[in-house]
Every structure is written in C-alpha cells, then in structure tokens.
Amino acid sequence: RSPSATTDDPGSFPGECTGTFSRVQGQASVKRIPTYIFFFASSGSLVFAQPGKAVELPVNETVAAKIKALKPNQAVLLGEAKVVGDFNEVAKRWNLHKTGPRGRDFTIKMVWAPERQRVLFCGANHGVPHRLNDVWEFDLFRLTWFLLYAPDNPRDYTGLGKDFSDVEFKDGILVTKRGGPAVIAHTWWGLTYDPKQKMMLFMNTWVTQKKKMVELLGGDPDKLYAGPPLWGFSPESGRWKMLKTPPPAPRPIYGGWLEYVPELKGTLWHANNWQMRASWLYDAKSGAWKNLQANGSAEKFQKHAATPEQVGYYDPKRRILVAQRHKETFHYTPATNEWEKVLSMDKESKEVPYGHDARSPMYHDPASGHGLLVEFKTNALWAYDPDRRNWTKLAPEGDSMPTGKKRLAYFDPIHNVFVIIEGTTVWAYRY
C-alpha cells in the first residue's frame, strides 16, 4: 500500500502498491513501476489494472462461443457474471459484491461507452433497500460487472441519510468528501454518454430538501447553486464531477430525456409537460445550454413531442431520435428541428408495446437499423421499424428470458446482441 493512500481519497484505494517483487536467493527485491491497483473478485480471483485503464480480464471463451453461434431470432443464457471491484462496507452491506448493482426503481437505463466497449450504469432506488451513488460497468465477453465507484453513505428520501458525516457543502453543491453527488436521483431516461468527452452524463434531479440540508451542515442556503444538476462521471478516472452551467438553462424536471446527439455535437435534454416544454442542447466544450425552440411554437411542441416516462434512442444512420411513451411513438429530426408523433394507439392496443422508463427499456440495434424494446412487465420483446413506422412483437427461439423485478437491459453493438441481466444472470438475444 502506498504510504499516502487513504480510503477517503478518490485517487487511491486499499491495496495500492508501487513496486513489483521478486525472490532472488531468498531475498525480496523491489523495482519501481507505475502504480497498479489490485481488485479481488467475488470468486476470489485476483484482477489488476493501471489507474485510468479498463480492468482487464481474459475473454470468457465459453460465453464468446455461445454468442458467436447465435443465429437471428435466437437467445441464449450465458451464465453467471463475476462481480469485481474495490468494495467498501456500504457496498457489502447490501451484498453488491455478490449481486452487482441490479435494476433499480425508475433506474434501468444503461449507456454504451464505445472506446471501452462496455456499458455503464448508475442511479438510485426510490428508497428501499438503499439509495446509493455507486457506478458500474459491464463487459459481456468477460461476463463481468466492474464497480467503478464504490457508494458513499446511503441517503434517505428527502435528506442525506442517518450518517451524513461524508457530506460537505462546497461551491454551492452538496457533495461527498470523495467528490460524489450527495443528492442522488433516479435516472429515468436522463442518462447518456458523451464519447467526445469520454464521460457519462446524468441529470441528477431529486426531491432532497437541499436548503434544510445546507443549514444542517452549517452552510448558507442562499449560496446553493441554482442551475440544472448535471453531473458527469469519467470511467477513466473513476471520478464524479458537477458540471455547473450559467443561465440560460433548462429546468431540472423529473423524468426527462438526456441523449447525446452526434450531429448536434452536444447532449439533448428534453421534456414535454407542465414543468418544461422544450428541447435544450448542452455544449460540453463551452459549458452552455441553448433552447432549440423545436417545432417553432409551444402549441406544436406540446402536440408532437414525447412526454416524460418516455424511453428512446438516437439512430445515427437516419439521424433521428426515436421515443416510445406508453402507446405512442415519436420521432425527432435534428436537421429540421421537428418532433413528430408518428403513432398513437389506445391503451388496450396489442399492436404496440407500452413504453415506460421504469419497466420498458429501449435501445437501437445498428445492424438492423431497428429499435428493440423489452416489456419487463410482460416479458415481451418488440422491434420497431422507423421506416415503416410499425412495431412487431418477437418470439425468440432458444433459452427463455430471465424473469425478476430487478432486471437491466442494453444493446451491445460490438457483439450484435440485446442483453438482459438479472443480478448476475445474463441472457443474450440476436435479432
């Protein structure tokens, strides 16, 4: 362990060392090399990596073979994932070192990090069994969950939890001493990844009574930052960062949609309800927001734009965003700055799936150009054709989809499969 390493320092971890050791004629010798971090997997195996690099594990050849053997419309159970990381006592209290993060209330969106070829996850439950600010990534071919940021102390619904000794009020922000968000929200569909900045972005909007919490910490509530609570997380450094922005800025509504849009060279923050009716664009380089004034008028926007609880994705080939909210389907075309409601069915319709950010994740399949949505409530998988503007209910062959109330899902564009994860049980489907 490095003499300066402490568990409270976000840049250091228990188990650090600064040398390699060899045994020569019964004596130990040390050679100085760059710092390495060692992690013990739940299986007991040793994993190591340089700071700033993705933790490397060998490819699981059995998993790789199963995925490569998949034919169109086939599914397969891949087995149980390993869980790897530097687990603190908070993580162990809820057995995260055994189960991984699991799906959480209104928190099921996962975001792909292309340069890492892994998918990221974060976000809090409603209250039970915990509300945590941990961050994870999942590697399919290695069938492994990696803990990138161990949780700070758990929070309660409107406050900072029973033990808020790890929280401080700094530069207008309630932040933990390790630099993480002391206020932690559901993600709804407000999570994305900016590949240019190599950063996960999270519109961290929650009901915490921030003024009371600042007073509790002996601070001045008038100095609270009033802008949107946009947080960034760098998987390379393993650190959180509040991305403060000046006005004008969007309202931090509940249940909005955050999505990086390459052709706009920025991130869209969108909502269409009484809290906010607008699509705003965040420019990471300038740190500024711009109201896109989509559809040209508030009346047209309200009629055609997707509403909260939507799920959706960006289609880079067609250069559109596709959203499903309940039984309605929407397109947004950045080139024309227009939202369009392309389908609207009654609530009893069997022709379209029920889109909802708490139980119906939806992602883009770049191989087919279609969208894939799974209804966790019914265990039904659907495909959306944006050219024909129609939905098809799928009937996968092979292994059955895992069930449970804590599932997650994402699309892996490298291996061309739709993945569902229940704890550590992993299932893959090729459309």
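# Buried rings and unusual backbone in a predicted chain

W240 is buried, because its relative accessible area of 6% falls below the 20% under which a residue counts as buried. By the same reasoning W231, at 3% relative accessibility, counts as buried. Both residues belong to a predicted model, and they will return below, once the chain as a whole has been described.

## The chain as a whole

The protein chain contains five helices and 31 strands, and 55% of its 431 residues are buried. Looking at contacts with a separation of 6 or more, one finds that 56% of them join residues 24 or more positions apart. The chain exposes about 19400 Å², and carbon and sulfur atoms supply 50% of that area.

How confident is the predictor, on average, in the protein chain? The average pLDDT is 90, and 87% of the residues score at least 70. Over residues 1–52, however, the pLDDT is below 50, although this stretch still has 85 contacts in the model beyond near neighbours in sequence. Where pLDDT is low, the predicted coordinates should not be read in detail.

## Aromatic pairs and their surroundings

A pair of aromatic rings is described by the distance of the centres and the angle of the planes. A search of the whole structure gives 19 aromatic pairs. One of them is formed by Y149 and F233, whose ring centres are 6.3 Å apart and whose planes stand at 85 degrees, so this pair is edge-to-face. The pair links distant parts of the chain, since Y149 sits in strand 9 (residues 144–149) and F233 in strand 14 (residues 230–234), 84 residues apart. Are Y149 and F233 buried or exposed? Y149 is buried, with a relative accessible area of 2%, and F233 is buried as well, at 0% relative accessibility.

The two tryptophans of the opening, W231 and W240, also form an edge-to-face pair, with 6.1 Å from centre to centre and 85 degrees between the planes. Turning back to Y149, one finds that R178 lies over the face of its ring, at 4.1 Å from the ring centre.

W231 also leads to another residue, N204, which touches W231 along with P181, V183, I184, A185 and P229, once neighbours within four places in sequence are set aside. N204 is found in the loop between strand 13 (199–203) and helix 4 (210–216). Its relative accessible area is 4%, so N204 is buried although it is in a loop.

## Cores and a buried glutamate

Which residues touch the most other members of the largest nonpolar core? In this core of 77 residues, they are F138, W339, Y410 and F418. For Y410, the contacts outside its neighbours within four places in sequence include M110, W112, F138, Y363 and F418. Apart from this core lies another one, of 34 residues, among them L57, L120, F146 and V167. In addition, Y410 and F138 belong to one aromatic cluster together with F87, W112, W136 and W145.

E137 lies in strand 8 (residues 135–139) and has a relative accessible area of 1%, so this glutamate is buried. Not counting residues up to four places away in sequence, E137 touches R116, R118, V119, L120, T144, W145, F146 and L148. The C-alpha atoms of E137 and M110 are separated by 9.0 Å, while the two residues are 27 residues apart along the chain.

## Backbone exceptions

Most residues other than glycine have a negative phi, and most peptide bonds are trans. A cis peptide bond joins V128 and P129, with omega about 0 degrees, and P129 is found in the loop between strand 7 (118–122) and strand 8. The peptide bond from P247 to P248 is cis too, with omega near 0 degrees, and P248 is placed in the loop between strand 15 (239–242) and strand 16 (257–261).

Two residues other than glycine with a positive phi are listed here.

| Residue | Phi | Loop | Relative accessible area |
|---|---|---|---|
| E309 | about 85 degrees | between helix 5 (298–304) and strand 20 (311–315) | 25%, partly exposed |
| R389 | near 55 degrees | between strand 26 (380–385) and strand 27 (390–393) | 32%, partly exposed |

E309 is partly exposed because its 25% lies between the limits of 20% and 50%, and R389, at 32%, is partly exposed for that reason as well.

Conventions: Residues numbered from 1 in each chain as written. Predicted model: local features only at pLDDT ≥ 70, side-chain atom pairs only at ≥ 80, totals over all residues. Heavy atoms only, no water. Helix = DSSP H or I, 4+ residues; strand = E, 2+ residues; numbered from the N terminus. Buried < 20%, exposed > 50% of the residue type's maximum accessible area, 1.4 Å probe, protein only. Contact = heavy atoms within 4.5 Å. Areas by Shrake-Rupley, 256 points an atom, 1.4 Å probe, with all protein chains shown as cover. Phe/Tyr/Trp six-rings, centres within 6.5 Å; stacked < 30°, edge-to-face > 60°. Lys NZ or Arg CZ within 6 Å of the ring centre and 35° of its normal. pLDDT = per-residue confidence, 0-100. Core = buried A, V, L, I, M, F, W, Y, C linked by side-chain atoms within 4.5 Å.
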